[in-house]
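Trainee: I am new to this structure and would like a close look at a single part of it, the open sheet and what surrounds it. Could you take me through that part slowly, in one connected account?

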Amino acid sequence: MIDFSQIPSPCYVMEERLLRKNLQLIKSVKDRSGVNIILAFKAFAMWKAFPIVREYIPFSTASSVAEAQLAFEEMGSPAHTYAPSYTDYDFPTFLQYSSHITFNSLTQFHRFYPQVVASGKDIKCGIRINPEFSVVETDLYNPSMPGSRLGVTAKNMGEKLPDGVSGLHLHNLCENNSFDLEKTLEAVEQKFGHFLPEIEWLNLGGGHLMTHKDYDVEHLIQLLIDFKKKYPNLEIIMEPGSAFAWETGVLVADVADIVENEGILTAMLNVSFSCHMPDCLEMPYKPRIRGAYHEPVSGKPTYRMGGNSCLSGDFMGEWSFDAPLKVGDKIIFEDMIHYTLVKTTMFNGVSHPSIGLWSVENEFIMYRRFGYEDYKNRMS
């Protein structure tokens, strides 16, 4: 249990014990099913924790040159790379740091594959496919919406893969369960099944929330085993992100002021939804607050939470508490390590929360503090 008296505010704090619990489950799925599970940086890139991750999972996936270089330097292995588009400027860097490169379109493959051949490196090339099926309800996170820019449809793929393509890649889930994956595999077989006996690997992308308490891990393992029996030629790859850091830590904030307007009480915080919890506004979703009632309770002190940026909409609400809030009280937002950290901004120059680890020895390890120079250097 974190001793919050040792934690500066604001601060993202990951619990090593909870991270290791997730990693143990993920490694168990990998070992029992015989698939390769790798870490997706787009959801979790806290690289100072990678020495812990590498004890369980040694590989990662990248979608930018920065992520590819981070994989090589801090995970200690070349990246499984996919980017929606490559340029002449950045592709040589991808070649330097990648073991696999997946192309979003056939035109991108034909444009850049000669550079792969010329490099002389043993880089496996793939095409991202779009099975035109998804259970994701929020369009912002749905890669298979009609007219999607991501992946090649069966109609546009044709009947034969280009020479040099050794695998296929898909990604159409977002924090989904194994039964959604089962439906996805059925759609893939229907649309692209004639390619599966011919290729070496199939990357099932991310969105597999196997560390969620309601996820049916046994169903997932059996599903993967059965699929591998049908296609023994395939190396199956999965690249979840959220599952690694799901419910592994918090964002600690303080109440800086209480504002009342038209009977609405707003607890003004030293963090921002817009800057530090952007998914809350994008998705949108209402985060849990430790010790608070998630919905208003009649007769109890009830507050909106207000962010410290100048954006008018930088607030959410409402939560109820057993006692009135006061300046200096801690507000602890649950489950703020996956996606949240990688999507933060320095909009308005608001102070960026520190980042740290609560170790299994019950000690706080400060990973990073942020200050004025971080903001200034980013602006020019």
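Mentor: What follows starts with the sheet as a whole, goes on to a few of its strands, and then turns to the surroundings. Please keep in mind throughout that this is a predicted model.

The sheet is an open one of nine strands, and if you trace it across from one edge to the other you meet them in the order S2-S10-S9-S8-S7-S6-S5-S4-S3, with parallel pairing. At the edges stand strand S2 (36-37) and strand S3 (39-40), and because each of these has a single partner strand, one side of each is left without a neighbour in the sheet. As a general point, the strands of a sheet pair through backbone hydrogen bonds, either parallel or antiparallel.

Let us go into the sheet at strand S4 (residues 60-62), where Ser60 is found. With a relative accessibility of 0%, Ser60 counts as buried, because that term applies to values under 20%. When neighbours within four places in sequence are left aside, the residues in contact with Ser60 are Ile38, Leu39, Phe41, Ala71, Met75, Ala79 and His80.

From S4 we can step across to S5, since these two strands pair in the parallel sense over two bridges. One of the residues to look for here is Thr61, whose bridge partner in S5 is His80. Between the two strands runs a helix, for S4, helix H3 (residues 65-75) and S5 together make a right-handed β-α-β unit. Helix H3 packs on the sheet, where it touches S4 and S5, and its direction makes about 155 degrees with that of S4.

Strand S5 (residues 79-82) itself is worth a pause, as Ala79 and Thr81 point one way from it while His80 and Tyr82 point the other way, and all of them are buried. This arrangement fits a general rule, namely that side chains in a regular strand alternate between the two faces of the sheet.

On the next step, S5 pairs with strand S6 (residues 98-103), again in the parallel sense, over four bridges. Here Thr81 has Ile101 in S6 as its bridge partner. Once more a helix takes part in the connection, since S5, helix H4 (residues 91-97) and S6 make a right-handed β-α-β unit. Strand S6 in turn pairs with strand S7 (residues 124-128) in the parallel sense over four bridges, and along this pairing His100 stands opposite Lys124 in S7. Another residue within the span of S7 is Cys125, which counts as buried because its relative accessibility is 1%. The structure as a whole holds zero disulfides; Cys174, for example, is in no disulfide, and the nearest cysteine sulfur to it, that of Cys280, is 14 Å away. At 25% relative accessibility, Cys174 counts as partly exposed.

Towards the other edge of the sheet, helix H8 lies across strand S9 (201-203) and strand S10 (235-238), and it runs at about 150 degrees to S10. This helix also leads us to the packing of the nonpolar side chains. The largest nonpolar core has 97 residues, and those with the most contacts inside it are Phe44, Met157, Met305 and Phe333. Helix H8 (residues 217-230) gives the most to this core, with six residues. Another core, of 10 residues, lies apart from it and has Ile7, Val250, Val252 and Trp358 among its members.

Finally, a few backbone details outside the strands of the sheet deserve a look. A cis peptide bond with omega of about 0 degrees joins Ser9 and Pro10, and Pro10 is found in the segment before strand S1 (11-15). The peptide bond from Met283 to Pro284 is also cis, with omega near -15 degrees, and Pro284 is found in the loop between helix H11 (278-282) and strand S13 (302-306). Glu247 has a positive phi of about 50 degrees although it is not a glycine; its place is in the loop between helix H9 (242-245) and strand S11 (249-261), and with a relative accessible area of 41% Glu247 is partly exposed. Glu262, likewise not a glycine, has a positive phi of about 55 degrees; Glu262 is found in the loop between S11 and strand S12 (264-269), and it is exposed, with a relative accessible area of 75%.

How values were computed: Residues are numbered from 1 along each chain as its sequence is written. This is a predicted model: local features need pLDDT of at least 70, side-chain atom pairs count only at pLDDT 80 or more; totals for chains, interfaces and linings use all residues. Side-chain values use heavy atoms; hydrogens and water are left out. A disulfide is a pair of cysteine sulfur atoms within 2.5 Å. Buried means under 20% relative accessible area, exposed over 50%, partly exposed in between (1.4 Å probe, protein chains only). A nonpolar core is a set of buried Ala, Val, Leu, Ile, Met, Phe, Trp, Tyr and Cys residues joined through side-chain atoms within 4.5 Å. Contact means heavy atoms within 4.5 Å. Two strands pair if DSSP finds at least two bridges between them. A crossover is right-handed if, with the strands pointing away from the viewer, the path from the first strand over the helix to the second runs clockwise. Axes are lines fitted to C-alpha atoms, for helices over the stretch in contact, and angles run from 0 to 180 degrees between N-to-C directions.
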